[in-house]
Amino acid sequence: LVGRTLPIVHAGVLHAQGTDAVIAGRVVDSTGQALAGVEVLVRNAATGYTGRSLTRADGRFLFPQLPLGNAYTVTVRRLGY
């Protein structure tokens, strides 16, 4: 990690009056530049649910229709960071 800046994640959880939720966000570096192709993982320890996505060119990611829960962990991984 020497000489590297870790990505910054801006994420939010949206709940609906249904049976699912959405986690959406954007991954940027310390200068605010979007990071494309970053692996984003979500995990709900209570339910065991896991999901994987890659950020788009604008750094955005989306996990639609997640099982409802309030214990999601978002992990961001990128080679070289």
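**Reading Glu-39 and its strands**

Biologist: I see that the side chains of Glu-39 and Arg-52 make a polar contact, at 2.6 Å. What is a polar contact?

Modeller: A polar contact is a pair of N or O atoms within 3.5 Å; within protein, one must be able to donate a hydrogen and the other to accept it, and residues adjacent in sequence count only if both atoms are side-chain atoms. Two cautions first. This is a predicted model, where local features need pLDDT of at least 70 and side-chain atom pairs count only at pLDDT 80 or more, while totals for chains, interfaces and linings use all residues. Residues are numbered from 1 along each chain as its sequence is written, and side-chain values use heavy atoms, with hydrogens and water left out.

Biologist: Where does Glu-39 lie?

Modeller: Strands (E, at least two residues) and helices (H or I, at least four) are DSSP runs, numbered from the N terminus. Glu-39 belongs to strand E3, residues 39-44.

Biologist: Is Glu-39 buried or exposed?

Modeller: Buried means under 20% relative accessible area, exposed over 50%, and partly exposed in between, with a 1.4 Å probe and protein chains only. Glu-39 has 15% relative accessibility, so it counts as buried.

Biologist: Which residues is Glu-39 in contact with, leaving aside its neighbours within four places in sequence?

Modeller: Contact means heavy atoms within 4.5 Å. Glu-39 then touches Arg-52, Ser-53, Leu-54, Thr-75, Val-76 and Arg-77.

Biologist: How many salt bridges are there?

Modeller: A salt bridge is a side-chain nitrogen of Lys or Arg within 4 Å of a carboxyl oxygen of Asp or Glu. The count comes to four by this rule. One of them joins Arg-52 to Glu-39, with the closest N and O atoms 2.6 Å apart. That pair links distant parts of the chain: Arg-52 sits in strand E4 (residues 50-54), Glu-39 in strand E3, and they are 13 residues apart. Arg-52 is exposed, at 55% relative accessible area.

Biologist: What does Arg-77 do with Glu-39?

Modeller: Arg-77 and Glu-39 also meet through their side chains in a salt bridge, 2.9 Å from N to O. This pair links distant parts of the chain too, with Arg-77 in strand E6 (residues 72-77) and Glu-39 in E3, 38 residues apart. Arg-77 has 45% relative accessibility, so it is partly exposed. Glu-39, Arg-52 and Arg-77 are thus linked in a network of salt bridges.

Biologist: Where else should I look for a salt bridge between side chains?

Modeller: Look at Arg-56 and Asp-58, which meet in one at 3.3 Å, N to O. Arg-56 is partly exposed at 47% relative accessibility. Asp-58 is partly exposed at 31%.

Biologist: Now the sheet. How do strands pair?

Modeller: Strands of a sheet pair through backbone hydrogen bonds, either parallel or antiparallel. Here, two strands pair if DSSP finds at least two bridges between them. E3 and E4 pair in the antiparallel sense over five bridges. E3 and E6 are antiparallel as well, over six bridges.

Biologist: What stands opposite Arg-43 in E4?

Modeller: Thr-50 does. In E6, Arg-43 stands opposite Thr-73. Another facing pair is Asn-44 and Tyr-72 in E6.

Biologist: What do E3 and E4 form?

Modeller: They form a hairpin with five residues between them. In its turn, Gly-48 has a positive phi of about 85°.

Biologist: What is the strand order of the open sheet?

Modeller: The order is E4-E3-E6, three strands with antiparallel pairing. E4 and E6 are the edge strands, since each pairs on one side only. The twist averages 20° from one strand to the next. Axes are lines fitted to C-alpha atoms, for helices over the stretch in contact, and angles run from 0 to 180 degrees between N-to-C directions.

Biologist: Which residues make up the largest nonpolar core?

Modeller: A nonpolar core is a set of buried Ala, Val, Leu, Ile, Met, Phe, Trp, Tyr and Cys residues joined through side-chain atoms within 4.5 Å. The largest has 10 residues: Ile-23, Val-27, Leu-35, Val-38, Val-40, Val-42, Phe-61, Phe-63, Leu-66 and Tyr-72. Strands E2 (20-28), E3 and E5 (60-67) each supply at least two of them. E5 gives the most, three residues.

Biologist: Where does Leu-79 lie?

Modeller: Leu-79 lies in the segment after E6. Leu-79 is exposed, at 85% relative accessible area. Leu-79 and Val-38 are 41 residues apart in sequence, and 8.4 Å apart in space, C-alpha to C-alpha.
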